[in-house]
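Trainee: I would like to take a close look at a single helix. Could you go through one with me slowly?

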Amino acid sequence: MDYVEFLTRLPKVELHSHLEGSVRATTAIELAQKHSVRLPSYHPAELYQYEGIVEFLERYVQVSHAIRDREDFARVTYEAIEDAATKGNLRYSEMFLNPTNHYGDGVSYDTAIDGAIDGIRQAEQDYGVKCRLIVAINRSESPSEAVALVQQVLDSPRAEVIGIGQDHLTPDYQERPGDFAEAFALATANGLGITAHAGEIDTSTAADVEAALDLGCLRIDHGYKIIDDPSLVDRARDAGVDFTCCLHSTEKLYGWSDFANHRIRQMIDAGLNVTLNTDDPSMMNTNIGKEYSAGCVGMGLTPEQAKKIALGGVEATWLDDAAKHSLRRDFQEQISALEEHLNIP
């Protein structure tokens with residue numbers, strides 16, 4: 001077994017993928033036609049062609065409009081898990097879903113969440129992959145709407161909904177995690193996990209990562225700008241903060257194609273707890289297997305480093321101790337079996 005196959009077959013956790021960004025182009029087109037939703041293209045090879053984060057977010061919202069029925073949410077969730085399981089040996093996922101992105105189309109919170117849970121349960125039955133949901137705040141909406149969303153999560157509890165995140169950008173295309181402090185405090189007070197997108201875009205800074213840490217986040221999505229502030233790196237490393245990083249989305253959105261010197265590689269070298277994820281796999285032309293195979297090779301990581309990232313993903317989950325212990329044991333057994341057949345010249 002060569003190194004690329006080893007990386008592809010490693011058991012994996014994914015903690016940073018967005019349901020709406022995981023919709024297959026063919027499925028998005030079918031659902032758009034079903035609901036008479038306008039898309040910029042009805043050709044699968046063209047639908048996910050765009051330039052930069054602004055156009056990407058526009059495409060993301062356009063596809064979101066095409067997902068309306070409980071059956072639609074079940075289908076796209078199932079297919080997202082199926083793709084990750086078959087293309088990269090995904091074993092566990094905590095996936096983002098933006099319910100408010102669908103409200104304007106007459107979709108209720110219950111429809112979106114229960115549809116996604118239907119897909120989760122069917123995928124677990126078919127592929128043995130467990131998935132949980134992170135309800136994501138859209139930062140283009142107001143802090144009061146964010147509080148209302150968290151309250152909706154609390155008022156309509158589902159075992160599969162385990163945390164709150166925040167994504168998109170503010171109306172002036174900034175991050176500003178602190179704008180949603182009240183929503184995050186409400187989530188934390190009621191036992192939900194919290195994570196925030198921070199330090200991702202060209203205009204963000206290490207201060208945005210610091211603001212997310214100040215909210216109490218021990219998991220940060222992206223976080224690349226932290227490397228510009230050595231004292232903040234020390235703080236995050238000492239606190240055991242986990243970073244859910246996404247190589248190919250940075251290449252697609254920002255042109256960061258030099259993986260060997262990528263900020264993610266610098267974060268790894270600085271001793272930060274880095275996990276590898278897809279972000280929006282269908283829209284970014286990637287999958288969890290590719291993030292490891294092309295990513296670890298491109299960053300020049302050793303098998304031992306790749307193994308550490310895979311096992312670190314287990315530690316970064318919001319599973320309880322018993323479930324985490326079980327998943328860690330399963331990963332160690334699978335990795336040991338793969339290592340016996342690994343052949344690196």
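Mentor: What follows is a walk along one helix, from its start to the residues that it buries. Please keep in mind that this is a predicted model, in which local features need pLDDT of at least 70 and side-chain atom pairs count only at pLDDT 80 or more, while totals for chains, interfaces and linings use all residues. Residues are numbered from 1 along each chain as its sequence is written, and side-chain values use heavy atoms, with hydrogens and water left out.

The helix is α17, which runs over residues 321–339; helices here are DSSP runs of H or I with at least four residues, strands are runs of E with at least two, and both are numbered from the N terminus. From its first C-alpha to its last, α17 with its 19 residues reaches 26 Å, close to the 27 Å expected at 1.5 Å a residue, where the expected span is 1.5 Å times one less than the number of residues. At the start of α17, a side-chain oxygen of D320 comes to within 3.2 Å of the backbone nitrogen of A322.

Turning to burial, the buried residues of α17 (under 20% relative accessible area, with a 1.4 Å probe and protein chains only) are K324, L327, F331, I335 and L338. They lie on the same side of α17 because they cover an arc of only 70 degrees around the axis, the arc being that of the directions from the helix axis to the C-beta atoms. What covers these buried residues includes the helices α1 (3–9) and α16 (303–316), together with the strands β1 (12–14) and β2 (90–97), where contact means heavy atoms within 4.5 Å.

Technical notes:
Buried < 20%, exposed > 50% of the residue type's maximum accessible area, 1.4 Å probe, protein only. Polar contact = N/O pair within 3.5 Å; in protein donor to acceptor, adjacent residues only side chain to side chain.
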